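Subject: Structure handover

Hello,

Here is the structure for your work. Please look it over before reading the notes below it.

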Amino acid sequence: MLKLIIFGPPSAGKGTQAQRLSKEYGLPQVSTGDLLREAVAKQTPLGAKIKSYLDTGKLGPDDLIVQLIKDRVSKPDCSKGYLLDGFPRTMGQAKELDKMTDIDLVLNIVVDLESLVERAVGRRICKKCNAVYNVTSNPPKKTGVCDKCGGELIQRDDDKEATVRNRLKVYQEQTAPLIEHFRKKGNIVDIDGSKGIDGVYSQMMGAIKKLDK
Ligand code: AP5
């Protein structure tokens with residue numbers, strides 16, 4: 001059983017690393033952002049409630065997000081563990097998670113603000129499989145086409161610069177304080193996110209191997 005949180009500000013590289021770790025360990029990536037975008041695309045009742053939050057970069061209501069996570073981690077593919085990507089993001093969510101389960105390790109990706117804006121604005125995602133690319137740091141082989149599944153690459157609506165800056169502000173105010181919460185619990189490790197994708201990945205692998213699981 002291995003339960004990890006991939007933590008960090010918007011566009012730090014959480015999804016990129018979660019996808020690789022998911023393959024390495026055969027554990028599902030549980031991304032609240034992906035689940036919410038899927039709900040919006042499928043026009044579900046949840047999607048209708050959450051769309052305005054996603055569009056403006058505000059956080060969705062805790063009760064709704066916590067329920068989404070509870071439903072997801074109770075599925076059979078999570079029985080051997082999972083990688084949380086984008087959850088928890090408020091103190092309320094962190095406290096609910098504490099009630100639900102014990103987390104082995106929080107991998108906290110640290111990146112400076114301007115690089116985060118650049119990474120977000122240059123990001124492209126696959127409409128079909130959610131694979132993550134970047135027009136400069138991680139381009140696909142063929143422009144606009146996913147290397148993995150051939151799906152169309154699109155820019156997320158919330159990756160416009162003004163919305164990105166708002167997401168960073170929301171992170172500073174509501175999510176960054178969780179780092180102190182994890183430090184008190186003693187299960188967080190800082191990862192230098194200024195390194196390339198491989199460099200970040202090897203730091204994470206090193207930290208996970210130390211868990212001796
Ligand atoms: P969410 O989808 O979680 O967005 P986020 O936290 O802002 O994170 P991102 O997906 O933007 O970035 P990432 O860290 O995964 O980076 P990525 O790997 O893509 O949430 C979206 C919205 O949903 C929120 O604003 C909110 O409204 C709502 N929401 C979600 N969770 C919620 C919750 N718990 N509570 C309430 N509301 C919630 O990489 C970014 C780019 O950088 C890519 O182009 C990538 O190729 C590139 N890159 C990655 N690593 C590197 C590297 N090492 N070097 C250079 N480039 C890199």
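The notes below cover the ligand site, the salt bridges and the cysteines, in that order.

Please keep in mind throughout that this is a predicted model.

Ligand site

The ligand is surrounded by 38 residues, and the closest of them are Thr16, Lys58, Arg89, Arg123 and Arg167. By class, the shell around the ligand is made up of 13 nonpolar, 15 polar and 10 charged residues.

Several elements of secondary structure supply at least two shell residues each: helix 1 (14-25), helix 2 (32-41), helix 3 (45-56), strand 6 (132-134) and helix 9 (197-209). The most comes from helix 2, which gives four residues to the shell.

The backbone also takes part in contacts with the ligand. At Ser11, a backbone N or O atom is 2.9 Å from an oxygen atom of the ligand. At Lys14, a backbone N or O atom is 2.8 Å from a ligand oxygen atom. At Ile197, a polar backbone atom lies 3.4 Å from a nitrogen atom of the ligand. On its own the ligand has 1100 Å² of accessible area, and the protein covers 96% of this.

Salt bridges

Side chains of opposite charge can pair when their charged atoms come close. The structure has 17 salt bridges. Three of the pairs are described here, followed by a network.

Asp198 and Arg20 form a salt bridge in which the closest N and O atoms are 2.7 Å apart. This pair joins distant parts of the chain, since Asp198 sits in helix 9 and Arg20 in helix 1, 178 residues apart. Asp198 counts as exposed because its relative accessibility is 54%, while Arg20, at 31%, counts as partly exposed.

Another salt bridge connects the side chains of Asp77 and Arg72, with an N to O distance of 2.7 Å. Asp77 is partly exposed, with a relative accessible area of 39%. Arg72 has a relative accessibility of 14% and therefore counts as buried.

The third pair is Lys185 and Asp98, whose side chains meet in a salt bridge at 3.1 Å, N to O. Here too distant parts of the chain are linked: Lys185 belongs to helix 8 (residues 178-185) and Asp98 to helix 5 (residues 91-100), 87 residues apart. Lys185 is partly exposed at a relative accessible area of 43%, and Asp98 is partly exposed at 30%.

Arg123, Arg156, Asp158, Asp159 and Arg167 are joined into one network by salt bridges that share partners. Arg123 and Arg167 were also listed above, among the residues closest to the ligand.

Cysteines

How many disulfides are there? The count is zero. Cys126 is in no disulfide, and the nearest cysteine sulfur, that of Cys149, is 3.5 Å away. Cys149 is likewise in no disulfide, its nearest cysteine sulfur being that of Cys126 at 3.5 Å. A disulfide requires the two sulfur atoms to be within 2.5 Å, so a pair at 3.5 Å does not count as one.

Are these two cysteines buried or exposed? Cys126 is buried, with a relative accessible area of 0%. Cys149 is partly exposed, at a relative accessible area of 30%.

Regards

Terms used:
Residues are numbered from 1 along each chain as its sequence is written. This is a predicted model: local features need pLDDT of at least 70, side-chain atom pairs count only at pLDDT 80 or more; totals for chains, interfaces and linings use all residues. Side-chain values use heavy atoms; hydrogens and water are left out. Buried means under 20% relative accessible area, exposed over 50%, partly exposed in between (1.4 Å probe, protein chains only). A residue is near a molecule or strand if one of its heavy atoms lies within 4 Å of it. A polar contact is a pair of N or O atoms within 3.5 Å; within protein, one must be able to donate a hydrogen and the other to accept it, and residues adjacent in sequence count only if both atoms are side-chain atoms. Accessible areas come from the Shrake-Rupley method with a 1.4 Å probe; for residues, only the protein chains shown count as cover. Ala, Val, Leu, Ile, Met, Phe, Trp, Tyr, Cys and Pro count as nonpolar, Asp, Glu, Lys and Arg as charged, and the others, Gly among them, as polar. A salt bridge is a side-chain nitrogen of Lys or Arg within 4 Å of a carboxyl oxygen of Asp or Glu.
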